[in-house]
Amino acid sequence: MVKMYYDQDISLDQLNNKKVAVIGYGSQGHAHAQNLRDNGVDVCIGLRHGGSWQKAEADGFTVTTAGEATAKSDVIMFLVPDEKQPEIYKQEIEPHLTSGKALAFAHGFNIHFNQVVPPSDVDVFLVAPKGPGHLVRRVFAEGGGVPALFAVYQDASGKARDIALAYSKGVGAGRAAVIETTFQEETETDLFGEQAVLCGGTTSLIKAGFETLTEAGYQPEVAYFECLHELKLIVDLLYEEGLEGMRYSISDTAQWGDFTAGPRVVTDETKKEMKNILSEIQSGEFAKGWVTENQVHRPMFTAINKRESQHPIEVVGRELREKMPFVQQKKKGMVGNAKG
Ligand SMILES: NC(=O)C1=CN([C@@H]2O[C@H](COP(=O)(O)OP(=O)(O)OC[C@H]3O[C@@H](n4cnc5c(N)ncnc54)[C@H](OP(=O)(O)O)[C@@H]3O)[C@@H](O)[C@H]2O)C=CC1
Ligand SMILES: CC[C@](O)(C(C)=O)C(=O)O
Ligand SMILES: [Mg+2]
Ligand SMILES: [Mg+2]
């Protein structure tokens, strides 16, 4: 088994006398900043004037521009959206990224695909939590942690690995598991996971199930609870106990259906397509498409996003969730969601 690091294996010393700038206060930014602060790390926030600035100040942080935060800090964790990083790096980070500092990422996209090229006299590492930022904070606040990968791309100080490990502990990952990787492995596996399984694969599966039931004349509310709402409850069991633990809790009838019908839904053809998706990530084809889509101001992203928000499962889901305030974490004050 790969070596894993836990809190007891990691020292926070490499962060103790350092200032950490978290650039961005969105999904990952607010979680890193708050978890690090709770672990005694000296954190400031770098932003542009806007919604996140107010949130970060209301949460008690010192907020300046990204450039000022970079200038006064030793470790700069870059948590603005991937597609904005190259420009913000050139304008705000690079001019202040003097020798001896460390530039850090939560995802390797821009380093691996050469969109950000830091100078050789700074450390470059990543600490990539394997979970959405809002859960990185929520799970930490509940006493747990979200696992993370760390990787060193450039070790100018000779201490980059220890700083990355300390940072991983600082955000709470040492409570779950910290694994060493490379920028290439993190970038390719993360893109694959979010496209084929966690986000793309799952939303397509949910919609296909919902559409199959509603097109057959079943009520949309019933289809919503069956194909979306209950998925969370099933995934909770998978998270806690794996496949076997989930199957312990479901009926034997469901388990027999799982064994016999599941492979008819996710077939060899599906796996073949997963391999194609992985090849496009590995070759840089996906990255090229995403960079280009942003250069032309996201026409497809915008159109698809609009169409998706009007899907019948979203229409019925909004109504049903309104009546279940206990499921609505966002309305209960989920902080740092720059996406609204
Ligand atoms: N979302 C996640 O859970 C995960 C994300 N990652 C990685 O973390 C990084 C950050 O992603 P994510 O947290 O989703 O980002 P978000 O979109 O949630 O947050 C973006 C933040 O950047 C700020 N920002 C945007 N433009 C600027 C600017 N020009 N100058 C200064 N600040 C700016 C926004 O502030 P404003 O309010 O002003 O717009 C906001 O605070 C990415 O590399 C991503 O791949 C890795 C693991 C999981
Ligand atoms: C699964 C999506 C993710 O990779 C994540 C939350 O880990 C992301 O980029 O947001
Ligand atoms: Mg991810
Ligand atoms: Mg990702």
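**Two ligands, three annotated positions and a helical C-terminal span**

Let me begin with one residue, Asp190, which is buried, since 20 other C-beta atoms lie within 10 Å of its own. I should say at once that this is a predicted model, so please hear every value that follows as computed from that prediction. Asp190 sits in helix H9, which runs over residues 183-198, and once its neighbours within four places in sequence are left aside, Asp190 is in contact with His107 and Ala128.

That brings us to His107, which an unreviewed UniProt entry covers with the annotation "active site". Is His107 buried or exposed in this model? With 22 C-beta neighbours inside 10 Å, His107 counts as buried, although its place is in a loop, the one between strand E6 (102-105) and helix H6. Not counting residues up to four places away in sequence, His107 touches Asp82, Leu126, Ala128, Thr187 and Asp190, and Ala128 is also on the contact list of Asp190.

Now to the ligands, beginning with ligand 1, which is surrounded by 26 residues, the closest being Gly24, Gly26, Gly50, Ser52 and His107. The elements that give two or more residues to this shell are helix H2 (27-38), helix H3 (51-58) and strand E7 (123-129), and of these H2 gives the most, with 3 residues. By residue character, the shell around ligand 1 divides into 12 nonpolar, 10 polar and 4 charged.

Which residues, then, are found around ligand 2? They are Gly131, Pro132, Asp190, Glu194, Leu198 and Cys199, so that we meet Asp190 again in this shell, and the division here is 3 nonpolar, 1 polar and 2 charged.

Asp190 also appears in the annotation "binding site", which the unreviewed UniProt entry places on Asp190, Glu226 and Glu230. These three span 41 residues in sequence, and because the farthest two of their C-alpha atoms are 28.3 Å apart, they do not all gather at one spot in this model. Glu226, for its part, lies in helix H11, residues 220-249, and with 14 C-beta neighbours inside 10 Å it counts as partly exposed.

The wider setting comes from the record as well, for UniProt, again in an unreviewed entry, places the feature "domain: KARI C-terminal knotted" at residues 182-327. In the model that span is 86% helix and 0% strand, and its end C-alpha atoms lie 37 Å apart. As a check on one helix, take H10, residues 200-215: at 1.5 Å a residue its 16 residues should span 22 Å, and its end C-alpha atoms are indeed 22 Å apart, which agrees. Just after H10 comes Gly217, which takes a positive phi of about 100°.

Helix H7, residues 133-141, is worth a moment, and its buried residues are Gly133, Val136, Arg137 and Phe140. Why can we say that they line one face of the helix? Seen down the axis of H7, these residues fall within an arc of 90°, so they do line one face. The general background is that an α-helix has 3.6 residues a turn, so residues three or four places apart point the same way. What covers the buried residues of H7 includes H2 and E7, both of which we met in the shell around ligand 1. H7 is followed by Gly143, whose phi is positive, near 105°.

Positive phi values also turn up in residues other than glycine, and I will mention two. Asn114 has a phi near 65°; its place is in the loop between helix H6 (109-112) and E7, and with 10 C-beta neighbours inside 10 Å it counts as exposed. Arg298 has a phi near 55°; it is found in the loop between helix H14 (285-295) and helix H15 (299-309), and it is partly exposed, with 14 other C-beta atoms within 10 Å.

Last, a residue in a strand: Cys44 is found in strand E3, residues 42-47, and with 19 C-beta neighbours inside 10 Å it counts as partly exposed, the cut-off for buried being 20 or more. Leaving out residues up to four places away in sequence, Cys44 touches Lys19, Ala21, Phe61, Thr62, Thr64, Ala69 and Ser73. From Cys44 to Leu320, 276 residues apart along the chain, the C-alpha atoms are separated by 40 Å.

Notes. Residues numbered from 1 in each chain as written. Chains lettered and ligands numbered in written order. Predicted model: local features only at pLDDT ≥ 70, side-chain atom pairs only at ≥ 80, totals over all residues. Near = placed C-beta within 6 Å. Helix = DSSP H or I, 4+ residues; strand = E, 2+ residues; numbered from the N terminus. Nonpolar A, V, L, I, M, F, W, Y, C, P; charged D, E, K, R; others polar. UniProt positions renumbered as here; feature names shortened; annotations may be inferred. Buried ≥ 20, exposed ≤ 12 C-beta atoms within 10 Å, placed from the backbone. Contact = placed C-beta atoms within 7 Å. Expected span 1.5 Å × (residues − 1). Arc of directions from axis to C-beta.
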